[in-house]
Amino acid sequence: MTTYRIKIKKIEALLPRVMAVDRLKARRDIQRLSGRRGRAWPDEKIEKRLVELEKSLKASAQKRDRRRANLP
């Protein structure tokens with residue numbers, strides 16, 4: 001279970017760099033996956049969802065960086 005905590009901490013470190021809409025959704029997902037909200041998930045689903053969440057947050061951070069770079 002500690003590997004999930006490490007991955008969650010890594011994902012949480014991305015949060016300040018992502019777009020606000022994605023940040024709110026990610027926080028909700030992290031709470032759900034860590035078991036602080038709702039029911040417990042099977043390990044395979046947690047692993048898969050963490051990988052998907054990290055991938056989408058990295059894309060969101062890149063999108064935010066592009067938008068900041070192209071301000072008028």
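This passage walks through the helices, core and selected residues of a predicted model.

The overall layout is easy to take in. The chain contains 3 helices and 0 strands, and its elements follow the order α-α-α from the N terminus. Taken along the principal axes, the C-alpha atoms fill a box of roughly 45 × 20 × 15 Å. Of the 72 residues, 26% count as buried. About 5,600 Å² of the chain is exposed, and 54% of that area is supplied by carbon and sulfur atoms. Among contacts with a separation of 6 or more, 65% are between residues 24 or more positions apart. As for charge, the chain carries 23 positive and 9 negative charges, whose mean positions lie 6 Å apart.

Next comes the interior. The largest nonpolar core has 14 residues, and those with the most contacts inside it are Ile11, Leu15, Ile30, Leu50, Leu53 and Leu57. Helix H1 (2–14), H2 and H3 each supply at least two residues of this core, with H3 giving the most, 5 residues. Leu57 offers a helpful view of the packing: leaving aside neighbours within four places in sequence, Leu57 is in contact with Ile11, Leu14, Leu15, Val18, Asp22 and Ala26.

Helix H3 (43–69) deserves a closer look. With 27 residues at 1.5 Å a residue, H3 should span 39 Å, and its end C-alpha atoms are indeed 39 Å apart, so the expected and modelled spans agree. The buried residues of H3 are Ile46, Arg49, Leu50, Leu53, Glu54, Leu57, Ser60 and Ala61; the charged residues Arg49 and Glu54 are thus found in this list alongside nonpolar ones. Ser60, in helix H3, counts as buried because its relative accessibility is 4%, under the 20% cut-off. Beyond residues up to four places away in sequence, Ser60 touches Val18, Met19 and Asp22. Asp22 is also among the contacts of Leu57, as is Val18.

A link between H2 and H3 can be followed through Asp29. This residue lies in helix H2 and, at 6% relative accessibility, counts as buried. Which residues does Asp29 touch, not counting those up to four places away in sequence? The answer is Arg49 and Leu53, both of which appear among the buried residues of H3. Asp29 and Arg49 are 20 residues apart in sequence, while their C-alpha atoms are 8.8 Å apart in space.

The loop between helix H2 (20–33) and helix H3 holds Trp41 as well as Pro42. Are these residues buried or exposed? Trp41 counts as partly exposed because its relative accessibility of 26% falls between the 20% and 50% cut-offs, and Pro42, at 39%, is likewise partly exposed. Leaving aside neighbours within four places in sequence, Trp41 is in contact with Arg32, Leu33 and Ile46; of these, Ile46 is listed among the buried residues of H3. Two separations help to place the loop. The C-alpha atoms of Trp41 and Ser60, 19 residues apart along the chain, are separated by 25 Å. Those of Pro42 and Arg23, also 19 residues apart along the chain, are separated by 24 Å.

Notes
Residues numbered from 1 in each chain as written. Predicted model: local features only at pLDDT ≥ 70, side-chain atom pairs only at ≥ 80, totals over all residues. Heavy atoms only, no water. Helix = DSSP H or I, 4+ residues; strand = E, 2+ residues; numbered from the N terminus. Buried < 20%, exposed > 50% of the residue type's maximum accessible area, 1.4 Å probe, protein only. Contact = heavy atoms within 4.5 Å. Core = buried A, V, L, I, M, F, W, Y, C linked by side-chain atoms within 4.5 Å. Areas by Shrake-Rupley, 256 points an atom, 1.4 Å probe, with all protein chains shown as cover. Charge placed at Lys NZ, Arg CZ, Asp CG, Glu CD. Expected span 1.5 Å × (residues − 1).
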